[in-house]
Amino acid sequence: MQLQAEAAAPAPLNASRRRLQQTLTYTVSGGMFSSPYFTYSPSLPSTLQAGNTYVFNAGGVSIYHPFRVGTARGATPSWVTGSTGGLTGSTGTITVAVPSDYTGNVVLYCNVHSSMTLTRSVTGGSAAPAPAP
């Protein structure tokens with residue numbers, strides 16, 4: 001009996017796995033009641049990318065508007081690290097290492113004023129597969 005082996009082509013990588021992960025650094029300053037509430041240099045993108053790391057350095061943040069990052073106001077996941085209690089002045093860093101499978105939002109906000117909340121959706125993540133029936 002002779003067995004025939006059939007070569008299977010490797011599964012194609014999805015776009016998020018082919019894309020190189022990046023670390024992007026922003027300086028955060030100011031604090032005002034109009035959107036985007038803080039000044040970011042360089043400017044923030046309209047969406048964030050799953051798998052990327054975003055570093056926010058304090059560069060003159062108002063003491064009246066402590067800058068924080070989370071998945072919702074007051075919700076800081078383990079992948080947000082550094083000065084998570086809020087950046088003020090010109091010292092401190094918040095690092096946001098967005099998991100490659102994350103599909104939610106990231107919020108950038110003033111810890112004191114609830115109206116100062118900027119939401120960025122995260123693209124490129126892949127939700128966990130649904131369980132088999």
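Ring pairs link five residues of this predicted model into a cluster: Tyr-26, Phe-38, Tyr-40, Phe-56 and Phe-67. A search of the whole structure finds six aromatic pairs. Two of them are set out here, and both contain Phe-56.

| Pair | Centre to centre | Angle between planes | Kind |
|---|---|---|---|
| Tyr-26 and Phe-56 | 5.7 Å | 20 degrees | stacked |
| Tyr-40 and Phe-56 | 6.5 Å | 70 degrees | edge-to-face |

How should you read such a table? A pair of aromatic rings is described by the distance of the centres and the angle of the planes. Take Tyr-26 and Phe-56: with 20 degrees between the planes, this pair is stacked. Tyr-26 sits in strand E1 and Phe-56 in strand E4, so their pair ties together parts that are 30 residues apart in sequence. For Tyr-40 and Phe-56, the planes stand at 70 degrees, so this pair is edge-to-face. Tyr-40 belongs to strand E2 (residues 39-41) and Phe-56 to strand E4, so here the parts tied together are 16 residues apart in sequence.

Are these rings buried or exposed? Tyr-40 and Phe-56 are both buried. The relative accessible area of Phe-56 is 2%. Tyr-26 has a relative accessibility of 5%, and counts as buried because the cut-off is under 20%.

**The nonpolar core**

Now let us widen the view. The largest nonpolar core has 27 residues, and those that touch the most other members are Phe-38, Tyr-40, Phe-56, Phe-67, Val-69 and Val-96. Which elements give two or more residues to this core? They are strands E1 (23-30), E4 (53-61), E5 (67-70), E7 (93-97), E8 (105-110) and E9 (117-123). Strand E4 gives the most, with four residues.

Phe-67 is a good residue to click on in the viewer. Leaving out residues up to four places away in sequence, Phe-67 touches Val-28, Phe-38, Tyr-40, Phe-56, Val-61, Gly-86, Leu-87, Ile-94, Leu-108 and Tyr-109. Look along strand E5 from there: Phe-67 and Val-69 point one way, while Arg-68 and Gly-70 point the other way. All four of these residues are buried.

**How the strands pair**

Strand E1 has two partners to follow. With E4, strand E1 pairs in the parallel sense over seven bridges. One place to see this is Gly-30, whose bridge partner in E4 is Val-61. With E2, strand E1 runs antiparallel, and three bridges join the two. Here Ser-29 stands opposite Thr-39 in E2.

Strand E5 is joined to E8 by four bridges, and these two strands run antiparallel. In this pairing, Val-69 stands opposite Leu-108 in E8.

**Two residues to visit**

Gln-49 is found in strand E3 (residues 47-49). Is Gln-49 buried or exposed? Its relative accessible area is 19%, so Gln-49 falls under the 20% cut-off and is buried. A polar atom of the Gln-49 side chain lies 3.2 Å from the backbone oxygen of Thr-123.

Thr-71 lies in the loop between E5 and strand E6 (80-82). Thr-71 has a relative accessible area of 27%, and is partly exposed because that value falls between the 20% and 50% cut-offs. What does Thr-71 touch, not counting residues up to four places away in sequence? The list is Pro-77, Trp-79, Tyr-102, Asn-105 and Val-107. Thr-71 and Ser-121 are 50 residues apart in sequence, yet their C-alpha atoms are 9.9 Å apart in space.

**The whole chain**

Step back, and the protein chain shows one helix and nine strands. From the N terminus on, the elements run α-β-β-β-β-β-β-β-β-β. The chain has 133 residues, of which 31% count as buried. Among contacts with a separation of 6 or more, 67% come from residues 24 or more positions apart.

How far does the predictor's confidence reach? The mean pLDDT of the chain is 87, and 80% of its residues reach 70 or more. Over residues 1-17, however, pLDDT stays under 50. For that stretch, the model has two contacts beyond four places in sequence.

Key:
Residues numbered from 1 in each chain as written. Heavy atoms only, no water. Buried < 20%, exposed > 50% of the residue type's maximum accessible area, 1.4 Å probe, protein only. Polar contact = N/O pair within 3.5 Å; in protein donor to acceptor, adjacent residues only side chain to side chain. Core = buried A, V, L, I, M, F, W, Y, C linked by side-chain atoms within 4.5 Å. Contact = heavy atoms within 4.5 Å. Phe/Tyr/Trp six-rings, centres within 6.5 Å; stacked < 30°, edge-to-face > 60°. pLDDT = per-residue confidence, 0-100. Pairing = 2+ DSSP bridges.
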